[in-house]
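Got your viewer open and a cartoon view loaded? Here is a walk through the model, one selection at a time.

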Amino acid sequence: MVQQTIVIELPLHCAKCKKKILAICTTADGVTMVTLEREGRDRVVIKGEDVDAARVTEHLREKVTRHARLVSVTNDE
């Protein structure tokens, strides 16, 4: 299995939003680690194996903010 790194850009307004974001990201299949970054632009970095990045982004748009944007998906070797 190949390890993936997924970066999703979205506004991190409050603690409630962060909690929802973490809940959605950590329950996705294959996710091993989730990190919230606030450098410059607010981002969520997800690491895992065979994670459906488009589906995670879609869930974030539906449940948290419609401004979630999938920035990159890279395979780490």
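Which residue in β3 does Thr5 stand opposite? Select Thr5 and look across to β3: the residue facing it there is Lys47. Before you go further, keep in mind that this is a predicted model.

**Stop 1: the sheet**

Now widen the selection to residues 3-9, which make up strand β1, and residues 43-49, which make up β3. These two are paired antiparallel, with 7 bridges between them. Another rung to click on is Ile6, whose bridge partner in β3 is Ile46.

Next, add residues 31-37, strand β2. This strand also runs antiparallel to β3, and 6 bridges hold the pairing. Pick Val31 and you'll find Gly48 of β3 opposite. Then pick Glu37, and its bridge partner in β3 turns out to be Arg43.

Show the whole sheet now. It is an open one with 4 strands, antiparallel in its pairing, and the order reads β2-β3-β1-β4. At the edges sit β2 and β4 (69-76), each pairing on one side only. Ignoring direction, neighbouring strands in this sheet are turned against each other by 15 degrees on average.

As you flip side chains on and off, a general point helps: in a regular strand, side chains alternate between the two faces of the sheet.

**Stop 2: the hairpin turn and Asp42**

Zoom in on the link from β2 to β3. The two strands form a hairpin with 5 residues between them. In the turn, click Gly40, which has a positive phi of about 70 degrees.

Stay in this loop and select Asp42, which also lies between β2 and β3. Is Asp42 buried or exposed? Asp42 counts as buried because its relative accessibility is 16%, and the cut-off for buried is under 20%.

Show the side chain of Asp42 and try two distances. One of its polar atoms is 3.0 Å from the backbone nitrogen of Leu12. The Asp42 side chain also makes a polar contact of 3.4 Å with the side chain of Arg38.

For the rest of the surroundings, leave out neighbours within four places in sequence: Asp42 then touches Ile8, Glu9, Leu10, Pro11, Leu12 and Glu37.

**Stop 3: the helices**

Select residues 15-26, helix α1. This helix lies across β2 and β3, and runs at about 155 degrees to β2.

Then add residues 53-63, helix α2. The axes of α1 and α2 come within 10 Å and cross at roughly 150 degrees. Angles over 145 degrees count as roughly antiparallel, so that is the label for α1 and α2. Their crossing is right-handed.

Which residues make the contact between the two helices? From α1, show Lys20, Ile21, Ile24 and Cys25; from α2, show Val56, His59, Leu60 and Lys63.

**Last stop: Asp50**

Finish in the loop between β3 and α2, where you'll find Asp50. Check its backbone: phi is positive, about 50 degrees, although Asp50 is not a glycine. Is Asp50 buried or exposed? With a relative accessibility of 54%, Asp50 counts as exposed, whereas Asp42 back in the hairpin loop counts as buried.

Conventions. Residues are numbered from 1 along each chain as its sequence is written. This is a predicted model: local features need pLDDT of at least 70, side-chain atom pairs count only at pLDDT 80 or more; totals for chains, interfaces and linings use all residues. Side-chain values use heavy atoms; hydrogens and water are left out. Two strands pair if DSSP finds at least two bridges between them. Buried means under 20% relative accessible area, exposed over 50%, partly exposed in between (1.4 Å probe, protein chains only). A polar contact is a pair of N or O atoms within 3.5 Å; within protein, one must be able to donate a hydrogen and the other to accept it, and residues adjacent in sequence count only if both atoms are side-chain atoms. Contact means heavy atoms within 4.5 Å. Axes are lines fitted to C-alpha atoms, for helices over the stretch in contact, and angles run from 0 to 180 degrees between N-to-C directions. Angles under 35 degrees count as roughly parallel, over 145 as roughly antiparallel, 65 to 115 as roughly perpendicular and the rest as oblique. A crossing is left-handed if the near helix is turned anticlockwise from the far one by less than a right angle, and right-handed if clockwise.
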